[in-house]
Structure formats: C-alpha cells, structure tokens
There are 2 protein chains.
Amino acid sequence: MSDARPASGQPVIVLVRPQLGENIGKAARAMLNFGLTELRLVSPRDGWPNPDAGPSAAGADIVLDRAELFDSLADAVADCAHVYATTVRKRGVTKPVVTPEEAAREIHAATGRSAYVFGPERSGLETEDVAVARKIVTVPINPEFGSLNLAQAVILCAYEWSKGAQLQQPTVVDLGEPAPQAELDGMIAQFDTLLENAGYFFPPDRAPATKRTLRNLLTKPGWNHLEIRTMRGVLSALGNPRQR
Amino acid sequence: MSDARPASGQPVIVLVRPQLGENIGKAARAMLNFGLTELRLVSPRDGWPNPDAGPSAAGADIVLDRAELFDSLADAVADCAHVYATTVRKRGVTKPVVTPEEAAREIHAATGRSAYVFGPERSGLETEDVAVARKIVTVPINPEFGSLNLAQAVILCAYEWSKGAQLQQPTVVDLGEPAPQAELDGMIAQFDTLLENAGYFFPPDRAPATKRTLRNLLTKPGWNHLEIRTMRGVLSALGNPRQR
C-alpha cells in the first residue's frame, strides 16, 4: 500500500531527541497502522538502533529498519517543503496553528514532501525546533486534562492523514438488499393470520388501524430475504407448536 | 469541559472483560484527553478496583473513580439507545459498519444515550457481544498491518467525538429514537420464551446460534419505545390467545 504511492506522497514522521526506545517502537507501530513508513530520528537520547524499540513496535519492524538518523532537525527535513511542528498550545509563537485534520488536508493537497515533527516525550519541541516549521499542529484536547503521549500524538496525525490516502478499504458490508415487497407482504399476511387466530385484533373495528401499525413496524427493518425467511419460520413455530 | 455538558450528551465507554488494569488506566487517560468521563467495566478479568489502573491513567483518576462495574454487557448498556460495537473487520456480521467519524456524527445528532463498546485486549468482542449492538465501528487501518491496541482504539473514537462536542448541537426531539437497550432486551427475552414454549429451539444445541440470529434480526430495526411496546403486545397475544 505504501509502496503503491510515490515515496514523496507520504509525509515523514520526525522524532526529535526521543528519550525511550520503547516510545520509538510505539510511534512506529502507530505509523504503520495508518500506512506511514518513513521515520526519521534526530539525536535519539540512547542512540540508534535501540533494542527497546523492537518489542513495542509489535511487528512494525519495516518502519524501524528503514528509520534514518540525523544530527539536526534541519538535516532531517532538508528535503521537505511543508514542515509541521506538533506542540501543545505555545505562547508567543507567531505561526499558523492547524488541527491534525487541517494539516492532513493540506498535505494531501500539497506538492513536495511534508513532515510532522514531534518533540521529546517530556518536554516537547524547543522554540528553535518550532522555528524550523512553517506551521504548528495542535491536537485540540481537554483544556483541563491534556495528557497525550508521543505515540498518541503520532497516531492521531497518522490517522487523519490516512483518511485522505485511500488506504481505507471501503467498508462495504453487504447487509443484504431488503427482500422484495412480495416476500415482506407474505410475512405480514402470515403475521396477521396468526394474530387473528390469537384474537389480537379486538375490537374488530380497530383492526385496520392496528394492522397498519404492524405493517409499518415490520416494514421499518428492511429485512432481507434470509431474515424474512427466519421470521416466517418463527411465525410457523408459533402457529404450530411442537407436541411436547 | 465535560461538566459543562449534560451527562446524557456524552457517550459511555464500555470495556468488556478487559484483561490488564494498566490498559483500563490507559483507556481512562485516552478518554479524559477528549472530555469523556463515563467508563463502564463488564467483568474485568482481575476485578475492580485494580491497583494497576491508577499509574497508567496518568492523572485521569476522576474517570477511574467514577467507573461503574457490571456483570453483563446487557446491563452495562441498558440505558443506551445507540450501542456501537468496535471491531476489526468481521466476516458474516450483518450490521451497518461505520467509521469513528461517522459514529461521532451520529452520536452528536442523536437523542438518547450512546455507548462505544470495546472487547478484551487480545480477542476483541465475541459474536454475542456484537449482537447487542445496532452498529459496528471499525477504524479503517492498514490492511497489511492492523495493530491497534485498546487505548488507541478508545482514543480515536474519543477524538472523533470531541470534534463535534464544541459545537452546540440543537437537541432535535425525535420521537423515532430507538428504545433504550433494556426495552429491546425485554422484548427479545419475551420472544425467546414464547419460542421456547413453542418448541422452536430444536435441536437444543443449536439454540444459542438461533437466538443470536433472532437477536440480530430484532436489533436491526432500531424500534422505538412505542414500536417495542406494540411488539410486546403482539407477543403477549400470541402467548395467551383469547378464548374464542
């Protein structure tokens, strides 16, 4: 899937000075879930490769294997035309702030490579890092409880990007066409007969309205052929109880 | 923020048979980031409260403190009119499948309580659990690498919900709202009893599958309070025919 797209169509995920290998692995896992495979690491605290990354990547090894190492953020995004710094609300930053949704839309519309830049787990991006970016991405979170970890921030950006990437399989579930009207009518007639025999339509002058109510109710589901057949089996059982 | 909304405006997060306390804590953290505070637990493997939940909640204690414990999924969603089962692609399920985005839009437009239901970490929801829901939520992920953990699935649903939470949705009074799950369950139980008495569930070992088919069929319509009441009247009539 990622291979089906030109390499430049996919945004790069840049982790700046990530601390724990485990979190690098989690970020890789988050990325691959949504079809992102290009990971770039700027001065990871514990070097690279890091044996702690593999287990938490949960199989997203291809992302870790292809990860590229850089000494500076500037180097890491040198080939990118659109650099988005992800931050929580920052004071005194005079750059456009967009949501992950808006960033994803822009990236899909753009030509040239794009990059999402994430800061270290504890402190986030430094002002100098943010300065490299043209825009800021901020996830709108609960103002009273903002506690997104690195992998969660990555997954939300990747998820939004994937919406436009046609990576989604159309979730076509064949619910089964509603059965032809004749089948529905046959079931309703069976229901009516059963209820008539049970003395349900009483008093008789209200029967037409009651039957209409029942018809509306049984038409609503849009039951398919199989479902209608099941219901008819149910009605037959009720009409002719087994000898017990 | 969550307190600014009426309690009923917020969807409930239901974790069915969660295994690790740590993951319950992570789910709580994911929820609170996006303003969700109502957590319901169905038969957590290691009981409740669980000391492992707190540390991974990273401060989302209010969600854990208020978490409610239930013996069955049916009890946990008894007051909910809109129940969404979250699953990865399932074969042979004949329910509408929506994305987290679509589910969130529907929940904001709906009256009546909504619930997102999540299965155990390893196995996901059982077929019986899914049968309780009217719709399925599936996150469209990389078909070649689907590896979302529980907290990630929760955070994506909560994130999508939060997008619409800022907007003041006019509360449309819709008399056609599906009845709360408890009413539906009552009707299904009555149906089952009636059919049992009629000897419908034969051979006995196929009864569970047959009952599930029936539940799915009867869940599909989204019948409202009045319709459910009508159906119950019909079933009563069939169970106790008038003397003629």
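The following conversation asks how certain words come to be used for parts of this predicted model.

Visitor: Why is B:His82 called buried?

Guide: B:His82, which is found in strand 4 (residues 80-86) of chain B, has a relative accessible area of 8%, and because buried means under 20%, the word applies to B:His82.

Visitor: What makes the pair B:His82 and B:Glu177 a polar contact?

Guide: The side chains of B:His82 and B:Glu177 are joined at 2.4 Å, and since a polar contact calls for N or O atoms within 3.5 Å, that distance satisfies the cut-off. The side chain of B:His82 also reaches the backbone oxygen of B:Thr111, at 2.9 Å.

Visitor: Why is B:Ser43 called partly exposed?

Guide: The relative accessible area of B:Ser43 is 32%, and because partly exposed covers what lies between under 20% and over 50%, B:Ser43 receives that description. B:Ser43 lies in the loop between strand 2 (39-42) and helix 2 (53-57) of chain B, and its phi is near 45 degrees, a positive value in a residue other than glycine.

Visitor: How do you know that strand 1 and strand 6 of chain B pair?

Guide: Strand 1 (residues 12-16) and strand 6 (residues 113-118) of chain B are linked in the parallel sense over four bridges, and because pairing requires at least two bridges, the two strands pair. One of the bridge partnerships brings together B:Val12 and B:Ala115 of strand 6.

Visitor: What makes strand 3 and strand 5 of chain B edge strands?

Guide: In the open sheet, whose order is 3-2-1-6-4-7-5 in chain B, strand 3 (68-70) and strand 5 (97-98) each pair on one side only.

Technical notes
Residues numbered from 1 in each chain as written. Chains lettered and ligands numbered in written order. Predicted model: local features only at pLDDT ≥ 70, side-chain atom pairs only at ≥ 80, totals over all residues. Heavy atoms only, no water. Buried < 20%, exposed > 50% of the residue type's maximum accessible area, 1.4 Å probe, protein only. Polar contact = N/O pair within 3.5 Å; in protein donor to acceptor, adjacent residues only side chain to side chain.
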